[in-house]
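Colleague: Please show me the model, so that we may go through its parts together.

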Amino acid sequence: MIGFFDIPIKQPCLDWSIFSTLGFDQSRSELSVRLERAVLVGVGLPGRPWDEADPLAELRGLAETAGSLVVGQLTQKRHGLQLGTYIGTGKVRELGELVKSCDADVILFDNDLTASQIKALEKATECKVLDRSELILDIFATRARTAESRLQVELAQLEYALPRLKRMWTHLSRVKAGIGMRGPGETQLEEDRRLVGHRIRDLREKLRVVQGRKEREVASRSTEPTISIVGYTNAGKSTLMNTLTGASVLAENRLFSTLDTRTRTWRLKDGRHVLLSDTVGFIRDLPHHLVASFKSTLEEARRARLLVHVVDASSSQAEEHIDAVETVLADVGCGEQPVLLVFNKIDQLPDISFLQALQQKHPRSVAVSAFQRIGLEHLEEAITDRLDSDLVASLLETVPANGKLLAWLRTHAKNVEEHYTEDCVRIECLLDGAALGQALRMGAIQLRPDNRLLPGIATEPVEGEADSAASLDSPANAPDEADEAD
Ligand SMILES: Nc1nc2c(ncn2[C@@H]2O[C@H](COP(=O)(O)OP(=O)(O)OP(=O)(O)O)[C@@H](O)[C@H]2O)c(=O)[nH]1
Ligand SMILES: [Mg+2]
């Protein structure tokens, strides 16, 4: 069977290596924008973020992350868009000339285009055109490392591509005619649609299983307070995770370095342990399919007691980034969770008034430099304050031999005081509801708060303290199953 996927030319679209699983053998390098000479185009429309100083800074970052070489750029501010070609006729002509003079291979749009707009632009400029969603999907495809993230990206790509198959066919029929080949027929298009549909169903089923497993895994450790680090891509989330926990999560000056969730134990100064998780970064206009696919990766954030929202305070777009992150959080079902806003990278602020303005607008925020280790004590204090707000005073009793419970309480409860008699230990402490439930399951008996301790009970250390850190580590710090599968 000959489909358009096996034609060895550069395509105007997504990572079609995903079709290798369907029997097509198109190699990804022919299709991605890697090593391609790119012209960037940005259209400023009312209500869309527009950085006057450098409106294409983010798109340039995306293009470079995808591996292309930026050779030219064009911007236009409009009150409304031109339906046929998105930009005005004069600009289309200008773009065609720019492409020729820069010898560009691809035009990257900072906006999302319809299939017919892409087609019209490709025809007018005789150059391949990718829109913002296609570019982001392309980056995710190159950076997905674990089996789970690969499934998620593949699903998002196919769902994005399915309604566009027709455009691809039309485009290729033009190219194929040029190289003297038979044009594709409707039957082939139908056949490919059917195969893509099958694959989408198959991927959804696989992801449903992964999601179920993730939900059970995260729910099983619901007694341990989890704090999820969320934020715009490149804000410094992984750096903060590494600084606080001593982990070695990849942190680099690129967009979307992290695509999977990593969880590590963080030992607070008061002796308690919490779980800290780092996850995929967000971006403005994140393709809808991608957000939907990454739901299982964000399970940790949905269950977190607190979201630590890291913002790059040195970016002139910090406010827009906050808005974009809040939009995605609401999309994935985290809109109602408590959030602590953390302004990072304060060591590289162009002007201190930047930070002052941000803090004035967000008074309950904390300013840090994860990289230079500035302000971390304030961050820890703010986090413990938030965690402590739902603690209640509890009075528990157990047998002295229950060393496991006693060790667990020392790392999960606050202000633990142990009082020993010959045959029992009474523990006064502060616990939240989930931790109290866990303590009861571990053999504690809860006494009424007015059941005060009798005078004369000795206080002494417990022998054989269990290594609670190790038991805490086990589910969370084990490498992702997906990682192992890798
Ligand atoms: N100057 C400075 N650079 C920082 C700071 N925190 C992080 N960085 C740098 O910012 C870049 C991005 O950091 P990451 O920790 O990878 O950012 P991230 O939010 O995890 O990014 P993604 O995983 O790609 O979404 C790296 O080059 C870090 O060294 C900081 O406090 N100050
Ligand atoms: Mg990261």
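Colleague: Which residues does Val311 touch, not counting residues up to four places away in sequence?

Modeller: This is a predicted model, in which local features need pLDDT of at least 70, side-chain atom pairs count only at pLDDT 80 or more, and totals for chains, interfaces and linings use all residues. Residues are numbered from 1 along each chain as its sequence is written, while chains are lettered from A and ligands numbered from 1 in the order in which they are written. Two residues are in contact if their C-beta atoms, placed from the backbone, lie within 7 Å. With residues up to four places away in sequence left out, Val311 touches Gly231, Tyr232, Ala235, Ala318, His321, Ile322, Leu341, Val342, Phe343 and Asn344.

Colleague: Where does the largest nonpolar core lie with respect to domain 1 and domain 2?

Modeller: A nonpolar core is a set of buried Ala, Val, Leu, Ile, Met, Phe, Trp, Tyr and Cys residues joined through C-beta atoms within 7 Å; a residue is buried if 20 or more other C-beta atoms lie within 10 Å of its own, exposed if 12 or fewer, and partly exposed in between. Of the 82 residues in the largest core, Ile107, Leu108, Ile136, Phe140, Val311 and Val342 touch the most other members. Domain 1 (32-142) and domain 2 (223-388), with bounds from an automatic or database domain assignment, both contribute residues, so the core lies between them.

Colleague: Why is strand E1 largely enclosed by the rest of the structure?

Modeller: Strands (E, at least two residues) and helices (H or I, at least four) are DSSP runs, numbered from the N terminus. E1 covers residues 37-44, and it is largely enclosed because the buried ones among its eight residues number six.

Colleague: Which residue of E2 stands opposite Leu40?

Modeller: Two strands pair if DSSP finds at least two bridges between them. E1 and strand E2 (residues 69-77) pair in the parallel sense over eight bridges. Opposite Leu40 in E2 stands Gln73.

Colleague: Which residue of E3 stands opposite Leu40?

Modeller: Strand E3 (residues 106-109) also pairs with E1 in the parallel sense, over four bridges. In E3, the residue opposite Leu40 is Leu108.

Colleague: Which strands stand at the edges of the open sheet of four strands?

Modeller: The order of this sheet is E12-E13-E11-E14, with antiparallel pairing. Two strands have a single partner strand each, so one side of each is left without a neighbour in the sheet: E12 (414-420) and E14 (445-447).

Colleague: Which residue of E13 stands opposite Glu418?

Modeller: E12 and strand E13 (residues 425-431) run antiparallel and are joined by five bridges. Opposite Glu418, the residue in E13 is Ile427.
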